[in-house]
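Colleague: I have the sequence and the fold open. Can we go through them together, one short question at a time?

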Amino acid sequence: MVEWLISAVPLFKALHIAGLSIWCAGLIALPLMLRHHDPAVSPEDYRIIRSGTHLTYTMVVTPAAVIAVIAGTWLIFLREVFVPWLFAKLFFVALLVVIHVWIGHSIVRIAEEPGEHRPPNPYLPLTGILLCALPILLLVLSKPDFGWIEFPDWLLEPRGGQLPFEVPSL
Ligand code: HEM
């Protein structure tokens, strides 16, 4: 592995943590912002609230999620953590992505059906986010062994498959 890439691990980790902090904070803020999409307010206020959630989702929360995932993917290879706790963590990250898409879907429907679409009760997405983020943090900070789980051999051994092209050595 290239030396300078290894020494950049703290940088990738800082980027990862900055990205996921903004991502999770945004996922908590958006359902609370969506709650204020009340068609009873004046059209001008409604337009301001709607563009607020739209811009927060597209310009802040989604880019932060992309940065967190890209930096996290680099960390898998740089830190060589091909271990069960990481796979368990990725399961909860996948659920977090589903909630991210759900919130985005609600923002789009509010724009396309103004006054008709009612956003979800904020407690639902907020509970889902906490039920994903807390196990992720527990897994990543305690890095449990999971050695007691018996995995089948085909999951633990290289299968000898070859890429259909030559990989230049770094
Ligand atoms: C696809 C998404 C993600 C991937 C691929 C990923 C992968 C990784 C990897 C490989 C590490 C380094 C572990 C080590 O150095 O031993 C890491 C660190 C970390 N991740 Fe993620 N992660 C992702 C998303 C998240 C999310 C959503 C959270 C929190 C809600 C999170 C929280 C953390 C924290 C707190 C650390 C620092 C842990 C430490 O240095 O001890 N990650 N992540």
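**Helices, burial and the ligand shell**

Modeller: Start where helix H3 ends. Glu80 follows H3 and has a positive phi, near 50 degrees. Keep in mind that this is a predicted model.

Colleague: How many helices and how many strands does the protein have?

Modeller: Read along the sequence, the pattern is α-α-α-α-α-α. The count is therefore 6 helices and 0 strands.

Colleague: Is the protein spread out or a compact globule?

Modeller: The C-alpha atoms fill a box of roughly 60 × 35 × 30 Å along the principal axes. For 170 residues the globule rule gives 15 Å. The radius of gyration is 20 Å, well over that value, so the protein is more spread out than a compact globule.

Colleague: What share of the 170 residues is buried?

Modeller: To count as buried, a residue needs 20 or more other C-beta atoms within 10 Å of its own. Over the 170 residues of the protein, the buried share is 18%.

Colleague: Take contacts with a separation of 6 or more. What share comes from residues 24 or more positions apart?

Modeller: Contact here means C-beta atoms within 7 Å. Of the contacts with a separation of 6 or more, residues 24 or more positions apart account for 84%.

Colleague: Where does H3 bend, and by about how many degrees?

Modeller: H3 has 37 residues. From first C-alpha to last it reaches 52 Å, close to the 54 Å expected. There is a bend all the same: about 35 degrees, at Tyr57.

Colleague: Which helices do the buried residues of H3 pack against?

Modeller: The buried residues of H3 are Thr53, Tyr57, Val61, Ala64, Ala65, Ala68 and Gly72. Tyr57 is also the site of the bend. The buried residues of H3 pack against H2 and H4.

Colleague: Is Ile70 buried or partly exposed?

Modeller: Ile70 lies in helix H3. Its C-alpha is 18 Å from that of Tyr57, 13 residues apart along the chain. Ile70 has 14 other C-beta atoms within 10 Å, and buried needs 20 or more. Ile70 is therefore partly exposed.

Colleague: What covers the buried residues of H2?

Modeller: H2 has 26 residues and reaches 37 Å, close to the 38 Å expected. Its buried residues include Gly19, Leu20, Trp23 and Cys24. Further along, Leu30, Pro31 and Leu34 are among them too. The cover includes H3, H4 and H5.

Colleague: Which residues does Pro31 contact, leaving aside neighbours within four places in sequence?

Modeller: Pro31 sits in helix H2. It is buried, with 23 other C-beta atoms within 10 Å. Pro114, 83 residues away in sequence, is 17 Å away, C-alpha to C-alpha. The contacts of Pro31 are Ile103, Pro122, Pro125 and Leu126.

Colleague: Which helices do the buried residues of H4 pack against?

Modeller: H4 has 29 residues and reaches 42 Å, close to the 42 Å expected. Its buried residues include Lys89, His100 and Ser106, along with Leu96 and Ile103. The buried residues of H4 pack against H2, H3 and H5.

Colleague: What is the phi of Lys143?

Modeller: Lys143 lies in the loop between H5 and helix H6 (153-156). It has 14 other C-beta atoms within 10 Å, so it is partly exposed. Lys143 is not a glycine, yet its phi is positive, at about 45 degrees.

Colleague: And what is the phi of Phe146?

Modeller: Phe146 lies in the loop between H5 and H6. With 13 C-beta neighbours inside 10 Å, Phe146 counts as partly exposed. Its phi is positive in a residue other than glycine, near 55 degrees.

Colleague: Now the ligand. Which helix gives the most to the shell around the ligand?

Modeller: The shell has 20 residues, the closest being Leu20, Val69, Gly72, Leu75 and Ile136. Helices H2 (9-34), H3 (43-79), H4 (84-112) and H5 (123-142) each supply at least two residues. The most, 7 residues, come from H3.

Colleague: Which class supplies 15 residues of the shell around the ligand?

Modeller: The shell also holds 3 polar and 2 charged residues. Gly counts as polar, and Gly72 is one of the closest residues to the ligand. The class with 15 residues is nonpolar.

Terms used:
Residues numbered from 1 in each chain as written. Predicted model: local features only at pLDDT ≥ 70, side-chain atom pairs only at ≥ 80, totals over all residues. Near = placed C-beta within 6 Å. Helix = DSSP H or I, 4+ residues; strand = E, 2+ residues; numbered from the N terminus. Rg over C-alpha atoms; globule rule 2.2 N^0.38 Å. Buried ≥ 20, exposed ≤ 12 C-beta atoms within 10 Å, placed from the backbone. Contact = placed C-beta atoms within 7 Å. Expected span 1.5 Å × (residues − 1). Bend = angle between axes of the 7 residues up to and from the residue.
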